[in-house]
Amino acid sequence: MAVCAETVPGDVGSRTFFVKGAVDRVLEKCEYYLRGLNERDCRRNPSDAIGRRDEKSDHGRSEKCRPDRTESRQSVGKYDLNFLNRSFFPVLGLARGTSLSSLVFVGCVGMLDPPRPGADEAIAAVKSSGVDVKLITGDSMETAQSIGNRLGIYNPSTDTCLSGHEVDRMSDSELELVIRSVTVFYRASPRHKLKIIKALQNMGEVVAMTGDGVNDAAALKKADIGVAMGKCGTDVCKINQFSSQEAADMILCDDDFSTLKEAIEEGKGIYHNITNFVRFQLSTLFPPFRSVAALSLIAASTIFHFENPLNAMQILWINIIMDGPPAQSLGVEPVDADIIRLPPRNTRTAMLSRKLVGQILSSAAIIVAGTLWVFYKEMSADNEITPRDTTMTFTCFVLFDMWNALSCRSATKAIWEIGLLRNRAFCLSVSGSLICQLAVIYWTPLQHIFQTEALTLFDLIFLTALSSTVFIFNEARKWYDRRSANFVHHPQSVNHL
């Protein structure tokens, strides 16, 4: 970056150029360097001003610098710049002069920019879930490697680095061949970000990109998830009509990577809650099984000229309870602390996977079989349908539904692992549903409406034990799935951030 200042407006002779940038780039344009407060002392090598700090200045000497720029850049790396870079000091070179072709190197500035507290833990947690984090920076290789190593992104023994110049020289196919092992990109510009995103997307990866400037807008727009900085990011009122915040899908209000970890956790939690809700709803309300127990009972009674085992009010009550608070409360299940460690899901895979459909059908089969068995058992006692028969069948179905909802709170963990009382909304909704069911059975006004009769304590214990089979089956399935996962390795697709 260069700025031109004129002490006398319009006077070319009064112009002074002030330049800042990467030290090696600035040194390439310098023919002199500054020693002392006011005098310009020129030596053969401008990089001597960086490393040999204790050497006394010889004021008044004026000698042009050696034109061998390569030697200048090599000598810079031997002195204090490496120390600064390894200490998280991005280094800027400063120069001035009356012409951009003949500048005076005046010094360099190291800026302390350490990683935020907790950033390394957040990155480790994100990487443990299968998300691959890559560092793209405009800093030097030494600074980028040092920061990447500190954050756990870069491992010198297994990972590699690429410069922006090397990315420019590669074709898209060549970049795709090496990009998986590259974790740090240094001396990179916004156009390099765009090329990196395209290479990852061509490999079928889901890419999230962070950016804070208007130059990052194209990369944020191209990424599957563009994340703009809320504090230091640009907006339309500040810089440009096409800003980073406008191009992004998400704005990080506190500019902290640990917030991205929390967002990933929340997103995974929402998806798993939706899956649990669907599992519960379809296992009891899947269209081929919609009130299947009730409809099967009605069909059987019609064939054998019996009275209907469930009346219209009871069928309506079952659907209201299942579509009501217990189902809705599954959508507000607190996020599991271990959910961040789950691998990213394949976005091309449908939510209703073969495994999920199998779980739904198995739960539905247990509910239907248990309810029909209770109806047959009660009816066979006197070969006629009584209010007791319908009450037993009706209550059995409702209790099956409550146990099934309890097992659907988590697809992988047992109820005692996630905490029985952690989801307060679920506890209140299930308790309310059971209280309402008891009112239908024992409160006289509701008995007349629903045509029920009071059950004994033994009846309630028997129905509770029978209906708990769907819960026991699902908990045993979770245990078996976890046990099998410990012996079978499933390749994980990697998303990139």
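This report describes the fold content, salt bridges, a buried loop serine and a nonpolar surface patch of one protein chain. The structure is a predicted model.

**Overall architecture**

The chain comprises 22 helices and 13 strands. Of its 497 residues, 45% count as buried. Contacts across the sequence are well represented: among those between residues at least 6 apart in sequence, 64% join residues at least 24 apart. The surface exposed by the chain amounts to about 25900 Å², and carbon and sulfur atoms supply 59% of that area.

The count of disulfides comes to zero. Two of the cysteines may be placed by accessibility: C4 counts as partly exposed because its relative accessibility is 37%, and C108 counts as partly exposed because its value is 32%.

**Salt bridges**

A search of the whole structure finds 13 salt bridges. Three of the pairs are listed below with the separation of their closest N and O atoms.

| Salt bridge | Closest N and O atoms |
|---|---|
| E205 with R180 | 2.9 Å |
| K261 with E265 | 3.2 Å |
| R409 with E333 | 2.9 Å |

The salt bridge between E205 and R180 links distant parts of the chain, the two residues being 25 apart. E205 lies in the loop between α9 (190-202) and β10 (208-211), while R180 occupies the loop between α8 (172-178) and β9 (182-186). The partners have unlike surroundings: E205 is buried, with a relative accessible area of 10%, whereas R180 is partly exposed, with a relative accessible area of 47%.

The pair K261 and E265 belongs to a single element. Both residues are in helix α12 (residues 257-285), and because they are four residues apart, about one helical turn separates them. E265 is buried, as its relative accessible area is 17%.

The salt bridge of R409 with E333 joins two loops. R409 is in the loop between α17 and α18 and E333 is in the loop between α15 (325-329) and α16 (354-380), so the pair ties together parts that are 76 residues apart in sequence. Both R409 and E333 are buried.

Beyond these pairs, K377, E378, R388 and D459 are linked in a network of salt bridges.

**The loop serine S410**

S410 is located in the loop between α17 (387-407) and α18 (415-418), the loop that also holds R409. S410 counts as buried because its relative accessible area is 10%, and the cut-off for buried is under 20%. The side chain of S410 reaches the backbone nitrogen of K413 at 3.0 Å. When residues up to four places away in sequence are not counted, S410 touches N276, I418 and K478.

**A nonpolar surface patch**

M313, L316, I320 and I449 make a nonpolar surface patch of about 360 Å². Helix α14 (residues 312-323) gives the most to this patch, with three residues. M313 has its place in helix α14. With a relative accessibility of 36%, M313 counts as partly exposed; this value satisfies the requirement of over 30% relative accessible area for residues in a patch.

Conventions:
Residues numbered from 1 in each chain as written. Predicted model: local features only at pLDDT ≥ 70, side-chain atom pairs only at ≥ 80, totals over all residues. Heavy atoms only, no water. Patch = residues over 30% accessible without salt bridge, like charges linked within 9 Å, V, L, I, M, F, W, Y side chains within 5 Å. Areas by Shrake-Rupley, 256 points an atom, 1.4 Å probe, with all protein chains shown as cover. Salt bridge = Lys/Arg side-chain N within 4 Å of Asp/Glu carboxyl O. Buried < 20%, exposed > 50% of the residue type's maximum accessible area, 1.4 Å probe, protein only. Disulfide = S-S within 2.5 Å. Contact = heavy atoms within 4.5 Å. Polar contact = N/O pair within 3.5 Å; in protein donor to acceptor, adjacent residues only side chain to side chain.
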